[in-house]
Amino acid sequence: MAINPNDEQVYLFTGTSEIFIKNRMNRIIQGYDPKETSVIRYDMESTPLSHVLNDILTIPFLEKQKIIILRRPRFLKNIHQDEKNSVKEFIKYLKNPLDTTILLIDATNMNISNTNEVYKVLKNTAFIVNYDNSEEIEIKGWIIRTLALNNVEIKDDALTLFLEYLNNDQSRMEHEIDKLIAYGASEGVITTSDIKTLISQDINKEVYNLIKEIIKRDSVKVNEIYNKLASNTKDVMGIISLISSTFKDLLTTSRLLKKGYSQNDIAKFYGISSGRAYYVVKDAKSFKMEDLEENVNKLAELDFKIKSGQIDKNTGIELFLLEI
């Protein structure tokens, strides 16, 4: 299949929904005959732009066209002094791309500055595809369709549990879906029991649930969640550290919100995507600042006592949980 004159030559993918971005890129690639098309991938965190430019500017030799994928394009965040000439050449190319090359720029989970000179050109020359903050119903629909294509059905309650276990971790989702497909090939239907057997729960989600119950002072649920964590990880100090760091992050975010920081400000502060910052803000707003401060101080004291040999780590965490 030759390149369609109506196809775009340059695409920019932005947003936080890794699954939908990856699927859209795959659909573009699958639109070309693999016998006539080469697909070349570059990680721009480790590849000089000058090296990529040589490939972009070279006409395909054995194929009719080539698809070049640029992952983590750092030139959209900051331009190094030694790459300024390469950036100028790249901008020149973007304004007049070769019709034998399809360029896919994958900026998933990147905070791009509107003042970035490459981005300003891309806004006028590229086809921009943005998938941000996917709704749960969209993700559920994608999972159901993906499984159905492999003749596997998933029960509604199993699907809900699956998403709960993954805690919106889209980078992990595809791998776990492959597990469901492999298992469901013989069974045909995925149930909640299958999810519990096949999928490991996100430990950060479990820690967050533990924190919720600590603040609610529900000792029964606190002990239930903690025992499950301890059983799964066997690392008491790791659990204490994770609980403490989560409390600190919630407190820091709460203080930033009080100072008037926006979701985008918090994304920049932590160096995370806007989509991830949405959940950080949402979580922080669920708690009172005084409750967070109280527990941060208690955990700091516990950490000091354990490290100074005043108390055993197992006894220390048990006493902390008993005092809620």
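Trainee: What is the mean pLDDT of the protein chain?

Mentor: This is a predicted model, and the mean pLDDT of its chain is 86, with 94% of the residues reaching 70 or more. Residues 1–6 fall below 50, though that stretch still has 14 contacts beyond near neighbours in sequence. Where pLDDT is low, the predicted coordinates should not be read in detail.

Trainee: OK, on to the sheet. What is the order of its strands?

Mentor: The order is β2-β3-β4-β1-β5 in an open sheet of 5 strands, with parallel pairing. From one strand to the next, the twist averages 15 degrees.

Trainee: Why do β2 and β5 count as standing at the edges?

Mentor: Look at their partners: β2 (37–43) and β5 (127–131) have a single partner strand each, so one side of each is left without a neighbour in the sheet.

Trainee: How do you know that β1 and β4 pair?

Mentor: Two strands pair if there are at least two bridges between them. β1 (residues 10–15) and β4 (residues 101–108) have 6 bridges, in the parallel sense, so by that cut-off they are paired. Thr14, for instance, has Ala107 in β4 as its bridge partner, and Phe13 stands opposite Asp106 in β4.

Trainee: And how many bridges join β1 to β5?

Mentor: There are 5, and the two strands run parallel. Tyr11 has Phe127 in β5 as its bridge partner.

Trainee: What makes β1 largely enclosed?

Mentor: A residue is buried when its relative accessible area is under 20%. In β1, 6 of the 6 residues are buried, so the strand is largely enclosed by the rest of the structure. Val10, Leu12 and Thr14 are buried on one side, and Tyr11, Phe13 and Gly15 are buried on the other. In a regular strand the side chains alternate between the two faces of the sheet. As for helices, α3 lies across β1, β3 and β4, running at about 120 degrees to β4.

Trainee: Why is His80 called partly exposed?

Mentor: The label partly exposed fits between the cut-offs of 20% and 50%. His80 has a relative accessible area of 35%, so partly exposed is the right term. You'll find His80 in the loop between β3 (65–71) and α3 (84–95).

Trainee: What about charged side chains: why is the contact of Arg217 with Glu294 a salt bridge?

Mentor: Side chains of opposite charge can pair when their charged atoms come close. The nitrogen must be within 4 Å of the carboxyl oxygen. For Arg217 and Glu294 the N to O distance is 3.7 Å, so the rule is met. The pair links distant parts of the chain: Arg217 is in the loop between α9 (203–216) and α10 (219–233), Glu294 is in helix α14 (residues 289–307), and they are 77 residues apart.

Trainee: Which other side chain meets Glu294 in a salt bridge?

Mentor: That's Lys298, at 3.2 Å, N to O. Lys298 and Glu294 are 4 residues apart in helix α14, so about one helical turn separates them.

Trainee: How do you know that Lys305 and Glu301 form a salt bridge?

Mentor: Their N to O distance is 3.4 Å, so it sits within the 4 Å cut-off. Both lie in helix α14, 4 residues apart, about one turn of the helix. As for Arg217, Glu294 and Lys298, salt bridges that share partners join them into one network.

Trainee: How many salt bridges does the count come to?

Mentor: By this rule, 14.

Conventions. Residues are numbered from 1 along each chain as its sequence is written. This is a predicted model: local features need pLDDT of at least 70, side-chain atom pairs count only at pLDDT 80 or more; totals for chains, interfaces and linings use all residues. Side-chain values use heavy atoms; hydrogens and water are left out. Buried means under 20% relative accessible area, exposed over 50%, partly exposed in between (1.4 Å probe, protein chains only). Axes are lines fitted to C-alpha atoms, for helices over the stretch in contact, and angles run from 0 to 180 degrees between N-to-C directions. Contact means heavy atoms within 4.5 Å. pLDDT is the predictor's confidence in each residue, from 0 to 100.
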